[in-house]
Amino acid sequence: MSKPDFWNNTKRYYDFKSFLVNTFGCRVYKLQIDAGFTCPNRDGKIATGGCIYCDGRGSRLRQEGPLPSVGEQIVRAKQLFRRLRGAEKFIAYFQTFTNTYAPYETLKELYDEALRQEDIIGLAVGTRPDSISDDVIELFSEYARDSHIWLEYGLQSAHEKTLRFINRGHDLQTFIDTVTKTAGRDIYICTHIIVGLPGESHDDILKTARLVASLPIQGIKIHLLLALEGTALGTLYKAGKIEMIGMKDYVNTVCDILEILPPEMVIQRLTADGYRDIYLAPEWGKRKLTVINAIDREMERRDSHQGIKYDR
Ligand code: SF4
């Protein structure tokens, strides 16, 4: 099997930037929005501690003071991206905490406000698979008739023991049910998985990737597990109770994952970044570009590409 022509890129995987250029014929950027949501895994509805790796601070904007409106955030971010990157069109990315965790009318107002802004061609909305109602899925389905809609459902691991350990507050079946309900409505579904979770073997994370590959999912974000100051995971790390994955192992694992994902699946992320002020480990993970280059080199060394081992 050779690399698919429709990627129209020089990479060995179908990166998000290429997907957007192929789909819209111009430079499209995601604008990060903090619409002031909370998370049911932090506010007591499901749990109070949150996922063990979550720092719970929200966006930098939120840490600085009262949040500007969604419209204002979009106007400011657009100016910046136009100036720095020559961006032409934008996707409003509701990123912070659980962005479907509010009454239907509140959600509709916030999403409508974003879609009304000039040059916004769609939405990306990050959420938990247990925190979206059928009505809200239907709302996104209506938006998808005229706009480009991504729903991002966090999974992190397909293993119940890991989901319990990281305090996700939902099980695998909830994720599968929500993906199944969302599919077939012109909504693009993206999921997040984490590489390097304590107690997981190489085979465990590949099983998670195979599960993702088997579902009607169009995009994936592969994250490196980070130990951050102020998180439960950070405390475990400082007490010497967990080990962080090494770079060579991470790079190999990500390449193995890419090989078993469908060639059509859009790769939105290959590692983690940010959190400079509270970053504990792994040290090598701070160098995002070095990690991505190492993944590119390893795929090249293998003479491999995304989907080469995908089992349809
Ligand atoms: S679901 Fe997201 S926001 Fe909520 S605790 Fe977990 S990582 Fe944090």
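1. The sheet in this predicted model is open and has 7 strands in the order β1-β2-β3-β4-β5-β6-β8, with parallel pairing; strands here are DSSP runs of E of at least two residues, and helices are runs of H or I of at least four, numbered from the N terminus, while two strands pair if DSSP finds at least two bridges between them. Because β1 (28-33) and β8 (266-269) stand at the edges with a single partner strand each, one side of each is left without a neighbour in the sheet. From one strand to the next the twist averages 25 degrees.

2. As to the basis of the model, local features need pLDDT of at least 70 and side-chain atom pairs count only at pLDDT 80 or more, whereas totals for chains, interfaces and linings use all residues. Residue numbers run from 1 along each chain as its sequence is written.

3. Within the sheet, β3 (residues 120-127) and β4 (residues 148-156) pair in the parallel sense over 6 bridges, and Gly122 has His148 in β4 as its bridge partner.

4. Helix α8 (residues 202-214) packs against helix α10 (residues 247-260) at an angle of about 30 degrees, with the axes 9 Å apart; axes are lines fitted to C-alpha atoms, for helices over the stretch in contact, and angles run from 0 to 180 degrees between N-to-C directions. The two helices α8 and α10 are therefore roughly parallel to each other, a term for angles under 35 degrees.

5. The ligand is surrounded by ten residues named here in full: Cys39, Asn41, Arg42, Gly50, Cys51, Cys54, Phe97, Thr98, Arg128 and Gly154, each with its C-beta atom, placed from the backbone, within 6 Å.

Methods: Angles under 35 degrees count as roughly parallel, over 145 as roughly antiparallel, 65 to 115 as roughly perpendicular and the rest as oblique.
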